[in-house]
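Please open the model in a viewer and keep the selection panel at hand. The stops below proceed from strands to cores and then to aromatic contacts.

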Amino acid sequence: MRRGTNDDGGVSRRNYLTGGAAALSLSVAGCMGSTGGDGGSESNGSDSGGGSGSGGLLLRDGSVVSVDPDIGVLERADIYVENGEIVEVAEGIDADAATVVDASGSVVAPGFVNTHLHTWQAGVRGIAGDWTFTDYLEIMLGEVSSHYEPDDAYLGNLFGAAEQLNAGTTTVLDWFHIANSPDHSDRAIDGLEDAGIRAVFTHGPPGDDGAKWWEASTEPHPDDIERLHEERFPVADDRITLAMGIRGPDYATEEVVEEDITRAREMGVPASMHIGSLGGGGVYTLEELGLLGDDLNYVHANRLADEEFALIGDSGGSVSTTPEVELQMGMGTPVLGKAADAGAVPSVGVDIVSNVSGDMFTQTRMAVGVQRGIDNQPVVERGEQTTEVSIDPHRALEIATIEGARALGLEDRVGSITPGKRADLVVIDGGDVNTLPVNNPVETVAFQAGVGNVDTVVVDGEVVKRDGSLTNDLLAEEREAFEASAERVLSESGLTE
């Protein structure tokens, strides 16, 4: 396990990159190999024993859903990977020295991009299924988060990231709002590195005092983000990169909002904020302060006015919809369509597994299904029949992949199966009872497949899941510690006897 520490660019998502700026659905018993991730350059992923190696990696004879308009969907094709990079996508690639993954009868797609996840909450899964949003603020951020020690953060992120990989998600925005100490943040990053996932570590406020940090807070962002930027994230093209998780106008004063966003821009990192869950108006505040920009990510946004979405779209911002949480907790109707129609970058996230599903299959379909219902309702109310359905399967898959990458400023690196991009791939078994026959590979991935169909996952050219099992020994080694951590945190929080 890595325990070491890891150029400022412009403020845009693109400049950030190019200018330097408890039950899991996995087979722990079947794990093999070890990630051994060191958090270094893009070629340093997990070493699972199934990586590209000197001879490269070849995914052979799959139905390739590239999400690249120039490549499209290939009925039977190979993908050749070398040094973590996609080199070629074509039929009959000759690569005798490569490690081969037989993808015949399967669908190969880009790994999903989850644009909003509080990964640390894997340890407290299944406790908040009937909580409202105010319950969550009071109990999770007002009590549970204060009992997390650094090693709890590590274990939550390790197993939370593993859950994502198991479900075919290769990139997450990890919104870390239990930055109770520098050690908490370091150990959380260690957990992401040891899991072998690609992540945008979004350093948020401490979780030790909900009132101080989440109620018209007058506290600026913790200074420790400067240390992380200089020591652990000195360059912006590593597998794990940095962002700032700000409270934003819904939870902090205007002075703090301005100071936080200015600091993020000085470091050349994006900023993500929860907004519009309690009411609208926050985007107007950002406009009045002159802070709008395409480096801002807006989470939820359910109660924003149409004009606020227009402001987000005009400024190039992105919106992360987390439909299952939003519907359960009373935040409002998911806004995937509003975001897209306004020109904002639309994306989907999980949010929290303390109460909802942890996979992007479920969240994407729910977001799309809700939006289709919204779009159909005026026709229904007129007593007529719909003549078309919004958000076709290909667009649904784009939202879960390349649009998510755009939201995180990573579209030049991941989100599609394109030569020159990093090899973040998922192989969906097309021979399972719920996927056979694969009449339309795009629909199979977008609307038919589930976690149980994810056969192989590749991150940065390294195989992190193969034959349905994650390839990380740490999951078996740390399982008892993870369960003990969860038991202690819940007990100290007064949620168990």
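Two strands pair if DSSP finds at least two bridges between them; helices (H or I, at least four residues) and strands (E, at least two) are DSSP runs, numbered from the N terminus. This is a predicted model, in which local features need pLDDT of at least 70 and side-chain atom pairs count only at pLDDT 80 or more, while totals for chains, interfaces and linings use all residues. Residues are numbered from 1 along each chain as its sequence is written, and side-chain values use heavy atoms, with hydrogens and water left out.

**Stop 1: strand 14**

Select residues 425-429, which form strand 14. Because 4 of its 5 residues are buried, strand 14 is largely enclosed by the rest of the structure; buried means under 20% relative accessible area, exposed over 50%, and partly exposed in between (1.4 Å probe, protein chains only). Add strand 15 (residues 454-459), which runs antiparallel to strand 14 and is joined to it by 4 bridges. Here I428 has V454 of strand 15 as its bridge partner. Next add strand 5 (residues 106-110), also antiparallel to strand 14, with 5 bridges between them. V108 is found opposite V427 of strand 14.

**Stop 2: strand 1**

Move to residues 57-65, strand 1, where 7 of the 9 residues are buried. Which strands pair with strand 1 in the parallel sense? Strand 4 (residues 99-102) does so over 4 bridges, with L58 opposite V100, and strand 5 does so over 2 bridges, where S63 has V107 as its bridge partner. Strand 2 (residues 73-82) pairs with strand 1 in the antiparallel sense over 6 bridges, and G62 faces A77 there.

**Stop 3: the cores**

A nonpolar core is a set of buried Ala, Val, Leu, Ile, Met, Phe, Trp, Tyr and Cys residues joined through side-chain atoms within 4.5 Å. Select F201 and Y298, which touch the most other members of the largest core, a set of 116 residues. Helix 3 (residues 150-166) supplies the largest share of this core, 8 residues. At least three residues come from each of domain 1 (57-110 + 420-470) and domain 2 (112-410); these bounds come from an automatic or database domain assignment. A second, separate core has 17 residues, among them L59, I79, V89 and L425.

**Stop 4: aromatic pairs**

Rings of Phe, Tyr and Trp (its six-membered ring) pair if their centres lie within 6.5 Å; planes under 30 degrees apart count as stacked, over 60 as edge-to-face and the rest as tilted. The structure holds 7 such pairs. Select F112 and F361: their ring centres are 4.9 Å apart and their planes at 80°, so this pair is edge-to-face. It links strand 6 (residues 112-117), which holds F112, to helix 12 (residues 360-381), which holds F361, across 249 residues. Both F112 and F361 are buried.

Then select W214 and Y251, an edge-to-face pair at 5.1 Å centre to centre and 80° between the planes. W214 lies in helix 5 (residues 210-214) and Y251 in the loop between strand 9 (240-246) and helix 7 (254-267), so the pair ties together parts 37 residues apart in sequence. W175 joins W214 and Y251 in one aromatic cluster.

**Stop 5: T401**

Finally, select T401, in the loop between helix 13 (393-400) and helix 14 (402-407). T401 is buried, with a relative accessible area of 0%. Leaving out residues up to four places away in sequence, T401 is in contact (heavy atoms within 4.5 Å) with V67, P110, G111, F112, V113 and G415.
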